[in-house]
Amino acid sequence: MIDPDAQIGGLLHFLLPDSSFDLERSGSQPGLFADTGIEQLLDLVVGRGASLPRIQTYLVGGADAIVRGDLDTGTLGALNLKIARDILTNAQISITGERTGEHVSRSVVLDMLNGRVRVVDSRNREDLL
Amino acid sequence: VSHTDELTRIIDTMPPLPEVAHRVLQIVNDLDFSADALVAVIRTDPTLTERIISLCNSNLYGLPRQITSISDAVAYIGIRSLVKLVVVTCTASYFRNVDAGYSLRTGETWKHSVACAIGCELMAERFGFEDSIAAYTAGILHNVGKVALSQVLVNETHAIREALEDGSLDFLEVERLVAGMDHAKAGGIITERWYLPVDLRRSIKNHHDPQQVLDDSELTALVHVADILAIQLGIGTGIDGLHYPLCSEALRKICVTGPDLDKIRLQVVDELKRSSELVKLR
């Protein structure tokens, strides 16, 4: 998430979609969860002077294993992506770009000088968003 | 020389499990084992004894005083933790050179093993699987086949990327295509040569294919789920990424639900952080 004009932004690497099962942790480590983490990141970047209409948001990740059979629980990657999208939609923040899903792990670099996002995946594919 | 022949040669020349580890695993395979017998066996190996005492006195346990003997260790950390220390101390070195074959930074495969062992133990406790030592040991050793596979895969990065290209193969299929054998099967062969208990061997051989043995191997279901949890957390995911099957039947076998999984994921992250002394072992 970045306001490229103000060069204010940040990365959130959350693990789980929903903090409601562990309110203590959501208070002490909000960045572990999509719901509390995205809210905190947004508060931080806006609090430091980013302009809400200028903010660009990227989603990277949400990969998962190859499901065999009927999974009652849903996959972690898909749940994480769904909650992240719902939260951003509710906050009326559009998603500028994404590299999500599949079965690859990804690493991501946010360039604070120009607002570009570089993604490299486990198959060595590199993208500039 | 074909890759299969090369793998056979690599497996044939792998060092056997240290005698003391072998004897310890035999003793604890009987759930009513005697602590005295265990202590006596560990004491026969002075190097192992010294390493275990040093780990007991590290940040791992934060003990109120320095301990100086294995009997002290039993008193302060308990018999189960002592066995876990034997297992990790005797096996970490096998994983020393495994990372390059999977395009990982040094130590990542071992870190994944520790994370998987933690997940296995947590789930064993939560879901009433009696033998938590076997669960921990299976977690530590589930990827031992990668020790052999990595030596072949390290020169086949291009072929692996090509095989993964259209997205239809899981990584076990890629290993079979590129190296002639997958790491689970290799792990089964290695642990058979090590004469490990049958259920332990089965859980290692079938940890990506648990439906084959689900009826009579809860341990395999535990290892399968704990392995996938660690992969989902991005611990030790290299060129193989998340190209592994997640078997819904295994989740049902151990009666684990979505909220359970989230709690276990957080616990694994916490416990792994606390286990940095074990992650550092080589």
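This passage goes through the interface of chain A and chain B, the strands that join them, and one hairpin of chain A in a predicted model.

The ground rules come first. Residues are numbered from 1 along each chain as its sequence is written, with chains lettered from A and ligands numbered from 1 in the order in which they are written. Since this is a predicted model, local features need pLDDT of at least 70 and side-chain atom pairs count only at pLDDT 80 or more, while totals for chains, interfaces and linings use all residues; side-chain values use heavy atoms, with hydrogens and water left out.

As for confidence, the model scores ipTM 0.92 and pTM 0.95. Chain B has a mean pLDDT (the predictor's confidence in each residue, from 0 to 100) of 95, and 100% of its residues reach 70 or more. Among the elements of chain B, the mean runs from 92 in helix H15 (residues 248–253), the lowest, to 98 in helix H9 (residues 144–153), the highest. Helices (H or I, at least four residues) and strands (E, at least two) are DSSP runs, numbered from the N terminus.

On to the interface: 27 residues of chain A touch 31 of chain B, contact being heavy atoms within 4.5 Å. Together the two chains bury about 2,400 Å², 59% of it on carbon and sulfur atoms; this is the accessible area (1.4 Å probe) lost on being put together, summed over both. A:Phe21, A:Arg68 and A:Arg123 supply 25% of what chain A buries here, more than any other three residues.

Three salt bridges cross the interface, the rule being a side-chain nitrogen of Lys or Arg within 4 Å of a carboxyl oxygen of Asp or Glu. A:Arg123 also turns up in a salt bridge, with B:Glu165 (3.8 Å, N to O). Strand E4 of chain A (residues 66–68) gives the most to chain A's side of the interface, with three residues.

That strand also pairs across the chains: three bridges join E4(A) to strand E1 of chain B (residues 245–247), running parallel, where pairing takes at least two DSSP bridges. Here A:Val67 stands opposite B:Leu246.

Within chain A, strands E6 (residues 106–110) and E7 (residues 117–121) pair antiparallel over five bridges, with A:Ser107 opposite A:Val120. Their hairpin has six residues between the strands, and A:Gly115 takes a positive phi near 75 degrees.
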